[in-house]
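The exercises below are meant to be worked through with the sequence and the structure side by side. Try each task before reading the solution that follows it.

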Amino acid sequence: MARDAHRLELAADLDLDLVALARTGPGPFTITAELPEPWIAAILAHTDAEVSQPGKVRVEVTLIGNGISVLVRGDLDARFIVPCARCLEPAEVLASGELCVHFVRGAASDALRDEEDTDMAAEDVDRPDQRAFLGTRLDLRPMIEEQILVAYPIRALCVRGEACRGLCMHCGANLNEQPPASRCCVCGKLDARVPVVAAPGEEDASDPAKPTPGGPELEPSWKAALRGLDLPPSGKPGKKLPS
């Protein structure tokens, strides 16, 4: 991701001089840095997210083999606001989580990757993410940027969660501000709520398309569709289509 000069000046504490760091002692080194609000906002500039407070990152940096590789572990704490997927009110998103990345300098990263590919044991599944870097500086900002972008949700809900009733599908009135009813108090239309489509794997158990335990088995939708077609009787060929 391209970053302009202004962004390079922000969160500069995360651009590590490994030589200077090694001179301060054997390590590991603990680094705590504030993630400025404008910096997070620039990362999410192409989205509808709003950033109103700075974030924070705390990492432990361990130099391995005189700086040939660097192990970075820590945690990220950042948050931003996006519109609720139902009522468009603010929904807070937490861009938080643990960080564990193994940085390997230059050509050594290819050699290490080849070694891991030829000897991948079952316990290696939990190995830290591996990335390459060049020179004697290690910029952790791209890693943090990626974590913040990954946290941007496909769908977020306000503080009401699944209880959010959303907007009237006819006039756009906020149904959360009305008493529970099937009719909108503003436009008077029935079935005011927008039908909620469950995400894959989260289908509502009350879905009418699903048979209830002990109840009659419902006809599959494809069978119902076939019944509506004008098909020839079984055993008789249908009409030949013109070529």
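## Exercise 1: The cysteines

Cys 171 is partly exposed, with a relative accessibility of 37%. The model is a predicted one, and the tasks that follow stay with what can be computed from its atoms.

Task. Determine how many disulfides a search of the whole structure finds, and work out why the sulfur of Cys 185 has no bond to the closest cysteine sulfur.

Solution. Begin with the search of the whole structure, which finds 0 disulfides. Cys 171 fits this result, being in no disulfide, and the nearest cysteine sulfur, that of Cys 168, lies 3.7 Å away. A disulfide requires the two sulfur atoms to be within 2.5 Å. Turn next to Cys 185, whose closest cysteine sulfur belongs to Cys 184 and is 6.4 Å away, which is too far for a bond. As for accessibility, Cys 185 is exposed, because its relative accessible area is 52% and the exposed class begins over 50%.

## Exercise 2: A glutamine in a loop

Task. Locate Gln 178, decide whether Gln 178 is buried or exposed, and find which backbone atom its side chain reaches.

Solution. Gln 178 is placed in the loop between helix 5 and helix 6. With a relative accessibility of 11%, Gln 178 counts as buried, since the buried class covers values under 20%. The side chain of Gln 178 reaches the backbone nitrogen of Cys 185 at a distance of 2.8 Å. When residues up to four places away in sequence are set aside, the residues that Gln 178 touches include Arg 165, Ala 173, Cys 184 and Cys 185.

## Exercise 3: Reading the sheet

Task. Give the order of the strands in the open sheet, and explain why one side of strand 2 and of strand 8 is left without a neighbour.

Solution. The open sheet has 5 strands in the order 2-3-4-7-8, and their pairing is mixed. Strand 2, residues 29–35, and strand 8 stand at the edges and have a single partner strand each, so one side of each has no neighbour in the sheet. From one strand to the next, the twist averages 25°.

The pairings can then be followed one at a time. Strand 2 and strand 3 run antiparallel and are joined by 7 bridges, and Ala 33 stands opposite Val 57 in strand 3. Strand 3, residues 55–64, also runs antiparallel to strand 4, residues 69–77, and 9 bridges join the two. Within this pairing, Val 59 has Gly 74 as its bridge partner in strand 4, while Thr 62 has Leu 71. The hairpin of strand 3 and strand 4 has 4 residues between the strands, and there Gly 65 takes a positive phi near 60°.

One helix remains to be placed against the sheet. Helix 5, residues 141–151, lies across strands 2, 3, 4, 7 and 8, and runs at about 145° to strand 7.

## Exercise 4: An arginine in an edge strand

Task. Describe the surroundings of Arg 131, stating which side chain makes a polar contact with the side chain of Arg 131.

Solution. Arg 131 is in strand 8, which covers residues 129–133, and strand 8 is one of the strands at the edges of the sheet. Arg 131 is nevertheless buried, with a relative accessible area of 18%. Its side chain makes a polar contact with the side chain of Asp 129, at 3.0 Å. Leaving out residues up to four places away in sequence, Arg 131 touches Val 101, His 102, Phe 103, Val 104, Met 143 and Glu 146.

## Exercise 5: The aromatic pair

Task. Find how many aromatic pairs are counted, and classify the arrangement of the rings of Phe 80 and Tyr 152.

Solution. The count comes to 1 aromatic pair. The ring centres of Phe 80 and Tyr 152 are 6.4 Å apart and the ring planes stand at 10°, so the pair is stacked. This pair links distant parts of the chain, for Phe 80 is in strand 5 and Tyr 152 is in the loop between helix 5 and helix 6, 72 residues apart. Phe 80 is buried, with a relative accessible area of 2%, whereas Tyr 152 is partly exposed at 28%.

Notes: Residues are numbered from 1 along each chain as its sequence is written. This is a predicted model: local features need pLDDT of at least 70, side-chain atom pairs count only at pLDDT 80 or more; totals for chains, interfaces and linings use all residues. Side-chain values use heavy atoms; hydrogens and water are left out. Buried means under 20% relative accessible area, exposed over 50%, partly exposed in between (1.4 Å probe, protein chains only). A polar contact is a pair of N or O atoms within 3.5 Å; within protein, one must be able to donate a hydrogen and the other to accept it, and residues adjacent in sequence count only if both atoms are side-chain atoms. Contact means heavy atoms within 4.5 Å. Two strands pair if DSSP finds at least two bridges between them. Axes are lines fitted to C-alpha atoms, for helices over the stretch in contact, and angles run from 0 to 180 degrees between N-to-C directions. Rings of Phe, Tyr and Trp (its six-membered ring) pair if their centres lie within 6.5 Å; planes under 30 degrees apart count as stacked, over 60 as edge-to-face and the rest as tilted.
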